[in-house]
Structure formats: C-alpha cells, structure tokens
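Here are my notes on this model, kept short. Please have the structure open as you read.

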Amino acid sequence: MSTHHIYANSTTYQSSSSFTNTKLTHFNNNNHFSPILHYPRSLLPPTASLKVDVGAPNTIVEDSVKKTKEVIDEEAKYIVGTYARAPIVLEKGKGCKVYDVQGNEYLDCSGGIAVNALGHGDDDWLKAVVDQAGLLTHVSNIYHSLPQVELAKRLVASSFANRVFFANSGTEANEAAIKFSRKYQKHTCTDGKVPATEFLAFSNCFHGRTLGALALTSKVQYRTPFEPVMPGVTFVEYGNAPAAVELIQQGKIAAVFVEPIQGEGGIYSATKEFLQSLRNACDETGALLVFDEVQCGLGRSGFLWAHEAFGVFPDIMTLAKPLAGGLPIGAVLVTEKVASAINYGDHGSTFAGGPLICNAALAVLNKISKPTFLSDVSKKGLYFKELLKQKLGGNRHVKEIRGVGLIIGIDLDVSATPLVDACRDSGLLVLTAGKGNVVRLVPPLIITEQEIEHAADILSQTLHVLDANN
C-alpha cells in the first residue's frame, strides 16, 4: 500500500493510502484552531491549509468527516436534484471567510453568487435583522409597514426611478418587469392599434428560471426541457446595435431586456454607444428599456448602479441579489409613466417587501451607497484585475481577464471546472460563467487587498491543472 504524508508546521505524519496530502484547519466551538490529521480522499480538499495542535483527539476528525458524508447523503435522498453541489458542507462565515463542518477555511470569492456584498455576519446588518425580528417580521402587503416605505424612498432617491415594486428574487423581479411592460403597452395603445407584446433580449443573457424570465434567457439548454415557454422573444448578439435597432423599429417590441454587465453570460460589459442606441430606438417607438442589474447592480461595478457609468437610463430596472445581504428580495424600479399603467390587483406577492427583509436591505444600502465605499470597490477591482494579469496573463489557456469593479471574469480556451475545483481544494471559492469556460470572481465588496492577493496566488498556483486536464 502506498503512503501519503501530511505536512504541517514542519511536522510529518503518515497515513494509509485511503488518505491524502493535506493541510487543513479545524475551527472548534471555542473559535480556536485544532488539528485535522486524517481525512478520506473523497471528502478532503487535497491542499487546503492547516494549523496543528497535536493534542487534538482523532474523534474530532472522524466526527467531522462523518458529518460531511451524512449531510451529502441526506441531501441526495431528500432534496430534488436540481443542483450539482460542491462536496463541502458550509457551516459558518465571517467577513470574506467561510468554514465547513470539518473546520476548513475558504476565502469566498463567489459571494453566494454575488449576494453577500457585505460578507458574512456584518455587525450592522445583523443588528438590523435582530432588532426588526423583535418588532415585526411579516404582515403581508395588505397593510403598510415602516421599513418597506423607507427602503422604497431610499431607492427612488438614489436612482432614476419614481416608484418601486418589491419581489422575492431576481427572476420574480424580471417576471414583474415583463408584466409591467405588457400592461404599459396596452395602457398607452390608442386608436384601436394592436399593442406591442414581444421582447428583445441578447446573446449570453440570463434573466431567471421562471417561464417568463426563462424565455428571455439565451441558453438553449435552460429553455428546452420546459418548452413551450413564453413566445415572442427574439435574441440579438450582445452589443450589435444595428441589428437591435432594426428589430425595435418594427414596432412589435414591448420591452428590451439588457444587462449593462453580463454575469452568468461570461462577464461581458456593454458600451455607452450600444446602450444609447437602444435608448434612442425605444424612445422613437414607445418600447420600454429594461436594465437587469440583478447581479451587476448595487455597488458591484464601483457605481451604485452599473448603468451610471454609461450615462444611459432605463424605464425599468430590476434588482435582487445583494440588496438584503443574503435574505431573499427583489425590486423593480420604474418611472412614473410605467407606474401609471399599473392598477390595484395587477400584480402582488405575499412575502415581498416584508419589514424584516426591508430593514436588512436598508442596512446594506446605507453602507454600499457611500461614495467612499464605491470608490474603494473600483480601486480594489482594478488592483485585482492587474494582479491577475500579472500572475495569469502569460498562461496559454488564459484568453482574457475582463470586468468592472468586483465582477471579474477569467476567459479560458478550455473548461474552467478543473480550475474551480482546484481552487476550492486550495481554500478559494470561485464560480464558472459563460459556456463553462470563464472563471467568475464576485467576492464580497468588503474584500481586502491582502485577501485579493491571496486569491490571485491560489489561482496562479492551481493554473497548472488546466494542462493536466486537457
């Protein structure tokens, strides 16, 4: 039988072939670190980091490994199999770090898919949640509540919009935008004309997974299992202004849905000329311009709203991911002309805009809307990209490093999955995007320069797996 070694603090340990090289950290109940010396290969990241206290009992190790396996097995037994999850069970987090049940520490550059803008366990966010939970959690939208109105006022004051509709997620926000667009066209159509009912979206776009939002999502593999989806959607190449304008001018488009910066699609940014062309064509024909900022909005780009960088403004904007700091929320921001077409009963939600969620969102908005905070996001984003270009740019598999602020993509000529897996095994959580060939970095906006350097180092040190797997 072969022998593997565990190296930690210059001390060598031996194990049987059922265990692997490892450096791991255990986080015990007293927030102290203790050793984890033996892990089954199937459950153990091969190169995560370890601080060793030799006196720790092996039962800690055995129990944590057993717990991981139990959770993974029970997930497979009881939960509908829609997610191909990574083989780790996360238990706690603080700042930009998360810890699994085995005590392994990870630098979180996935941010809950661009959700955790303030990281994990932000003190002000936690206070807002706890305080509101002790006052009032849910009353439905049959009644008024203070945090909901205050959040709407803050969103209107900081944007192009006049009014807000609250939902529970990004896909629900986009569903509402679809309905509002259709209703607006019926409301404004006169002289017996047939109102515009069709939609324009773009290649590589992602707008959600409910049937309406799914119809606006370009990836065929997402739509095909559920066809027929909502009809009347045309996709044009992202950035192709002439083709988009030609279609809009035919007069059948109720609304144009576009992401100023595409996240799921591969971290592609629009240009001012492209967005201005869409704005002009919509103004000429009466179509509505909808900016989906579910992923790129709320400070991610270094601007509060990603479209601010272009000086082009929509009729509708959809928000979600980071707004409530990890609690479920969606928001649709609209101009008065759109809001005037919506009547009582046209749309609704039982849970949306509840006092608890809105109070949490106010705590997030208070922080990320500060000019100094946004400026820091821009600076950290530039630093991150430059560091990645220095450390990764010479690799033959790296085609481009792109992005704005702290939404960054590493475009590869091969699948990004082996690199994502290797990063996770080394204590860094990142995502894929595009056609699976883009590494997506959307860390908490509070990430430090030191953490950025650590992330870049891990990416650099694991890049060799692209050669091994191809």
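1. Start with helix H9 of this predicted model. Its buried residues are Phe274, Leu275, Leu278, Arg279, Ala281 and Cys282. Several elements help to cover them, including helix H8 (241–248) and strands E9 (198–202), E11 (253–258) and E14 (288–292).

2. Now check the length of H9. The helix has 14 residues, 272–285. At 1.5 Å a residue it should span 20 Å, and its end C-alpha atoms are 20 Å apart, so the two values agree. After H9 comes Gly286, with a positive phi near 90°.

3. Next, the cores. In soluble globular proteins, nonpolar side chains tend to be buried together. Here the largest nonpolar core has 66 residues. Leu388, Ile410 and Leu441 have the most contacts inside it. Helix H11 (residues 355–368) gives this core its largest share, 9 residues. Both domain 1 (59–121 + 371–469) and domain 2 (123–369) supply at least three residues each.

4. Look closely at Ile410. Neighbours within four places in sequence are set aside here. Among its contacts are then Leu388, Leu392, Val398, Ile401, Val439, Leu441 and Leu459. Glu400 and Asn437 are also in contact with Ile410. A second, separate core has 29 residues, including Ile178, Ala196, Ala215 and Ile316.

5. Finally, the second largest pocket. Its volume is about 1,000 Å³. Which residues lie nearest its centre? They are Gln148, Arg163, Val164, Phe165 and Tyr344, out of 30 that line the pocket. At least two lining residues come from each of helix H4 (146–157), strand E8 (163–167), strand E16 (330–334) and helix H10 (336–339).

Methods. Residues are numbered from 1 along each chain as its sequence is written. This is a predicted model: local features need pLDDT of at least 70, side-chain atom pairs count only at pLDDT 80 or more; totals for chains, interfaces and linings use all residues. Side-chain values use heavy atoms; hydrogens and water are left out. Helices (H or I, at least four residues) and strands (E, at least two) are DSSP runs, numbered from the N terminus. The expected span of a helix is 1.5 Å times one less than its number of residues. Buried means under 20% relative accessible area, exposed over 50%, partly exposed in between (1.4 Å probe, protein chains only). Contact means heavy atoms within 4.5 Å. A nonpolar core is a set of buried Ala, Val, Leu, Ile, Met, Phe, Trp, Tyr and Cys residues joined through side-chain atoms within 4.5 Å. Domain bounds come from an automatic or database domain assignment. On a 1 Å grid over the protein atoms alone, a cavity is a set of points where a 1.4 Å probe fits but cannot get out, and a pocket is an open set with protein on both sides within 12 Å along at least five of seven lines; lining residues have an atom within 4 Å of a point. Grid points are joined across faces, edges and corners, and a volume is the space filled by probe spheres set on the points.
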